[in-house]
Every structure is written in structure tokens, then in C-alpha cells.
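Hi,

Here's the structure I promised to pass along. Have a look at it first, and then read on for my notes.

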Amino acid sequence: MRRPPFLPFLDGPPGIAPGLKPIAQDDWLLPDSEAGAWLDAKRALMTRQRKDVFAALEADAEMAECAAAVLAVTGPASGTWPTPLEAASSMVSDDLCVMIRGEDGLWRLRAASLCAPTYWQLAVKFNQPLGGLHNPVPGGDPGLARRISRIFDGLRPGMLLERCNWSVQPGADRFTPSSAPLKALAAGMDAADALDQLHLRVERQTICKLPETGTVLFTIRVVMDPLRTALAGPGHVDAFEAAWKQVDPAMYRYKGWQLYERLIAAALDAARNPVRS
Ligand code: HEM
């Protein structure tokens, strides 16, 4: 049983505060804790379902600069890929989102290799500014979008920032453009299986600005661990329960947590009483 690399519930419930912290360049993309579980499937998706997981609009120089930054860390890509961004994406479990500031001052999603979307579709969000991207998020548009925009404007090349979103989901699927199948799975799940079948889904995100084009490269790594593993450390069960109960009601509804209530109660009970589970 591995120790999950990210346990954001130990810091409280998920919210919309950016919660960005600076990290060292050496901690950017490697070690890649998810490569073993995801990279082969990710590459297959990139080849077989390219139209679902890749999009770009007049972003060649920006994609090339982002790709070079990633490949400088991972080493050269193996195989042949249609664009440098896809070549770079094939080397890391992280998804790569290229944000470009337009003449209107808005940062837009102008290119992406996105194989592990947390319940959104690239085709829907492509070329949207931060407001459109965050429209369904409580407080997302315009409040959060404006804050993110200011952060992007002020970011200096060489700075690297990290943050995490988290939720729970049944099973460990990563290519999840919609949450509907997962909600159906949760509705039919036997509560006795919750501790092993429910997973902590963490989105570990990083942000950096590239010096030549001024592009912001937004990386998203989805990290999956069964709740049994995530709750195994000292104090983790209590911390998880507290975070679950303290989440803002609007965020609770946005994440659909009401559907998981019965399963979370069973998982926490099983984690506290291992003999019975
Ligand atoms: C500092 C930067 C950012 C912050 C603080 C931030 C914050 C958030 C938060 C709090 C959520 C709600 C999701 C959850 O908690 O599970 C969210 C969702 C989302 N974010 Fe961001 N975000 C940032 C940058 C970006 C960027 C650059 C993109 C571009 C791809 C993006 C795309 C999205 C999308 C598509 C969603 C899902 C919205 C939906 O439900 O349709 N975010 N973000």
C-alpha cells in the first residue's frame, strides 16, 4: 500500500481560495507518482481519441515553448506525435493547458492536451477565458476568475506555484469528461465496499509563466488513491470527516457530495472499525 503523495483534506475542506504555494523547480513534474498507473492508458487515449483530448488554436510558438520546458525535465519524447505539446504530454501523467493572454486582457485556454478532465469537456471549454472556464464553480465567475487573472498577470517567469483540488469518486477512472456515470455507479454501490471502491481524487495543479511568449502553462496531475489508503495515517479519518462536514454548502452541492453521504459514512465507520470491515 503506497503512501498517497497528496492528502489535501489534512488542510481542511476544498474551497475556492487559490491557495497557491511556491515550489522548487526540482519538484515540478518528477517524480511522477501516477506514471505507472496512467501513462500507457494516457498515450493510448491521445492516439485513439485525439479529438477528445487535444485542441489548439493559433498557439504554435506557445505550445513549442511549453513543450520544451516539460521535455527539458523529462528528456526527449519517445515515438512521433503530431505536435510538440502532445509529445511533451506523452512523457508525464500531467495534463498540459496553455493559457494565452489576448489583446482584451483575458487569459484563454488556447491549447491543451487534456486526458484526465475532472468532469468537464475540452470541446466545451476550449478557447474560453477564465470566467467561462469557472462559470459553474460557486463564486467562480467573475470573482475567482478575476483573482486568477491577477495572479497570471503578476506571475514572473521562473516562479512555480502549486495548488490542489480534491473530491471523492467511485472507481479510479481518470478520463472522466462527465460525472454522470460516476454518480450512477455511486448510487448502485454497496456501502460495504465503500472504503475500497471510493477513491480520493486529487488534482495537483502547477502554474508557471514562460519567458519568451509570456504563456502561462497550467499543469494538472490527477492522483488517485482508494479511501482505505488515504485514511490509513494517524488522525486521517478524523481530519477527513471534519473536512467533509465543514465544506461550504455551495461547494458541497457543486461537487455532488450529497450522493456520497451514505458511502462516506460507511467508509469512515469501516476505517475506524477494521475488524468489522
Ligand atoms: C490559480 C489558478 C486556478 C484556481 C485557483 C482554480 C480554481 C478552481 C476551483 C476551486 C475549481 C472548482 C473545482 C473543485 O474544487 O473541484 C475549478 C474548476 C475548474 N477549473 Fe480552475 N482554477 C485555476 C486555474 C484554472 C485554469 C488555468 C484552467 C484552464 C484549463 C481551469 C479550468 C477549470 C475548469 C474547466 C474547472 C471545472 C469547471 C466546471 O465544473 O465546469 N482552472 N478551478
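Below is what turned up, starting with the sheet and ending with the backbone oddities.

One thing to keep in mind throughout: this is a predicted model.

The sheet first. It is open and built from seven strands, running β1-β5-β6-β7-β3-β4-β2, with antiparallel pairing. β1 and β2 take the edge positions with a single partner strand each, so one side of each has no neighbour in the sheet. Inside that order, β3 (residues 95-101) and β7 (residues 216-226) are paired antiparallel over five bridges. If you want a spot to zoom in on there, try Val98, whose bridge partner in β7 is Leu217. As a general reminder, sheet strands pair through backbone hydrogen bonds, parallel or antiparallel.

Next, the metal. Which protein atom donates to the iron of the ligand? It's NE2 of His134, at 2.0 Å, and that is the single donor from the protein. His134 sits in the loop between α6 and α7. Water is not among the atoms, so the site may look incomplete.

Now the peptide bonds you'll probably want to check before setting anything up. There's a cis bond between Leu30 and Pro31, with omega about -5 degrees. Pro31 belongs to the loop that links β1 (21-22) and α1 (35-48). Another cis bond runs from Asp141 to Pro142, and its omega is near 15 degrees. Where is Pro142 found? In a helix this time: α7, residues 140-154.

Last, a couple of positive phi values outside glycine. Glu58 has phi near 40 degrees, and it's in the loop between β2 (54-56) and α3 (60-74). Is Glu58 buried or exposed? Its relative accessible area is 68%, so it counts as exposed, the cut-off for that being over 50%. Asn127 also isn't a glycine, yet its phi is positive at about 70 degrees. You'll find Asn127 in the loop between α5 (122-125) and α6 (130-133). Its relative accessibility is 26%, so Asn127 is classed as partly exposed, which covers the range between the 20% and 50% limits.

So, for your viewer session: the iron donor His134, the cis bonds at Leu30-Pro31 and Asp141-Pro142, and the positive phi values at Glu58 and Asn127.

Cheers

Technical notes:
Residues numbered from 1 in each chain as written. Predicted model: local features only at pLDDT ≥ 70, side-chain atom pairs only at ≥ 80, totals over all residues. Heavy atoms only, no water. Helix = DSSP H or I, 4+ residues; strand = E, 2+ residues; numbered from the N terminus. Buried < 20%, exposed > 50% of the residue type's maximum accessible area, 1.4 Å probe, protein only. Donors = N, O, S within 2.8 Å, 3.2 Å for Na, K, Ca; no water. Pairing = 2+ DSSP bridges.
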